[in-house]
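Subject: Structure for you, with notes on the ligand site

Hi there,

Here is the structure I promised to send over. My notes on what turned up follow right below it.

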Amino acid sequence: MIYNNLIAGEWSSGGELIQNINPSNTDDVLGDYSFATAEQTHTAIAAARLAFPTWSRSNIQSRAEILDRIGNEILARSKELGQLLSREEGKPLAEGIGETVRAGNIFKFFAGEVLRTGGEIMPSVRPDISVEITREAVGVVALITPWNFPIAIPAWKIAPALAYGNCVVFKPAELVPGSAWMLADIIHRSGVPAGVFNLVMGRGDVVGEVLATSADIDAISFTGSQGVGRRLAQHAMVNMTKVQLEMGGKNPQVILDDADLETAVNVALQSAFFSTGQRCTAASRLIVTEGIHDRFVTALGQRMEALRIDDALLAGTDIGPVVDQRQLSKNLEYIASSHAEGARLIFGGETLLRTHHGFYLAPALFADTTPDMRLNREEIFGPVAGVIRVKDYDEALAVANDTPFGLTAGIATTSLKYASDFRRNAQAGMVMVNVPTAGVDYHVPFGGRKDSSYGAREQGRYAAEFYTAVKTAYISSH
Ligand code: ADP
């Protein structure tokens with residue numbers, strides 16, 4: 001089957017056809033996806049602009065019902081959509097379904113938020129004047145998303161965008177057009193007027209470039225790599241476009257001597273290796289104090305031996321394949337450079353053969369690593385983690401913060417004193433105490449500091465900051 005783009009309320013063919021391939025089984029093709037041309041992208045932007053005046057002033061009850069309908073259909077079809085997601089991205093089925101449920105919940109959350117978009121009334125410092133502060137839609141927003149959360153990230157951008165009355169041009173990642181298409185189909189049938197929501201699948205350097213450079217876009221929300229994010233920010237500056245960027249992480253997981261060993265190992269295993277390490281919130285630097293170091297490394301290595309790395313759709317699979325050959329080669333290159341820099345391999349790091357050809361990699365744990373090694377400085381985005389031995393909490397905190405990134409930071413400890421200090425002083429947007437660095441709720445803000453993020457927070461009520469513009473009105477009764 002050929003899957004087309006949704007532009008101005010019509011499914012439009014055109015552009016090159018790209019095969020969507022299952023990373024668990026490269027003989028399995030999910031379908032042919034029509035990648036939009038630059039011209040089609042311009043058409044989608046124009047359609048969104050045309051639809052904006054009516055949509056931004058539409059009745060809030062009908063907007064809430066549309067979002068609720070989208071959420072309900074996603075939830076009702078979560079098994080089917082989750083399976084598609086796992087087939088195209090490679091995360092285990094339970095995670096694929098879980099991510100889909102999250103996407104459904106996000107739409108339902110923002111269905112409620114439509115009705116709660118209030119304002120403020122303040123007295124003026126001048127007589128007989130009142131000041132009214134309200135929020136309005138920003139305009140046409142471009143949403144550019146990565147491949148690692150094929151439905152949740154699109155959902156957490158599209159739902160608030162539509163809720164607050166914006167029109168959307170959505171460009172999913174090249175590797176995961178399947179989930180994006182299904183979501184677009186659900187949105188299309190939910191009752192949104194033509195042009196309000198447009199899907200333009202395609203290449204970053206074609207579709208993405210048009211969205212990044214168009215003066216007809218009012219705001220861009222992006223999740224992806226740091227290099228592309230920086231480029232988008234530069235373009236946005238030229239056009240004075242509002243921009244929100246979620247980029248990489250090099251997240252620390254601190255383990256203190258007083259930690260419960262089982263909790264520490266569970267948290268590290270989850271954070272570093274699950275979802276094949278392909279989460280911007282994954283922890284890849286395990287910073288461990290001396291007293292627990294050897295016990296922790298041994299126990300974590302043993303737990304890794306028991307992990308089942310296999311086809312994402314097979315029952316019992318803990319970790320699926322790497323997403324594609326390019327990412328697998330990148331992971332292997334970091335594994336080789338870690339050996340070369342003198343890190344000691346505790347477990348894994350080799351490619352694996354399974355029933356079908358896929359991009360299978362045994363998660364890799366290195367010990368005796370130092371903070372300046374490449375594996376501790378650069379975002380790998382794979383199941384590769386390094387243990388850094390430190391003498392005490394103060395050194396652990398310093399090493400944790402010694403990174404240009406600042407998305408999540410985790411600590412395993414039974415000490416209230418250290419947990420509180422870490423929560424206060426970790427330079428990250430999200431801090432986790434005795435829970436994995438990855439895995440967050442859908443109703444609270446998400447985002448980081450330093451080079452990880454730029455602009456307003458995503459998700460929860462905080463999403464309003466990006467998807468609305470504030471208006472201050474002065475009203476005199478005379
Ligand atoms: P990754 O390396 O994880 O794929 P990218 O930053 O390359 O991360 O991709 C994230 C998203 O950004 C994808 O949808 C991709 O197509 C898009 N993208 C890539 N290059 C550009 C670009 N030059 N302009 C706009 N978007 C781009």
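To begin with the ligand: one of its oxygen atoms has a polar side-chain atom of W147 at 3.4 Å, which falls within the cut-off for a polar contact (a pair of N or O atoms within 3.5 Å). Another such contact involves T145, with a polar backbone atom 2.8 Å from an oxygen atom of the ligand. At G204, a backbone N or O atom is 3.5 Å from a nitrogen atom of the ligand. The protein covers 82% of the 550 Å² of accessible area that the ligand has on its own (Shrake-Rupley method, 1.4 Å probe).

Please keep in mind that this is a predicted model, where local features need pLDDT of at least 70 and side-chain atom pairs count only at pLDDT 80 or more, while totals for chains, interfaces and linings use all residues. Numbering runs from 1 along each chain as its sequence is written, and side-chain values use heavy atoms, leaving out hydrogens and water.

Which residues are closest to the ligand? They are T145, K171, E174, E209 and S225, out of 18 that surround the ligand (a heavy atom within 4 Å). By class, this shell has seven nonpolar, six polar and five charged residues (Asp, Glu, Lys and Arg count as charged; Gly is among the polar ones). At least two shell residues come from each of α7 (204-213), β11 (219-223) and α8 (226-239) (DSSP runs, at least four residues for helices and two for strands).

Happy to talk any of this through!

Best wishes

Conventions:
A polar contact is a pair of N or O atoms within 3.5 Å; within protein, one must be able to donate a hydrogen and the other to accept it, and residues adjacent in sequence count only if both atoms are side-chain atoms.
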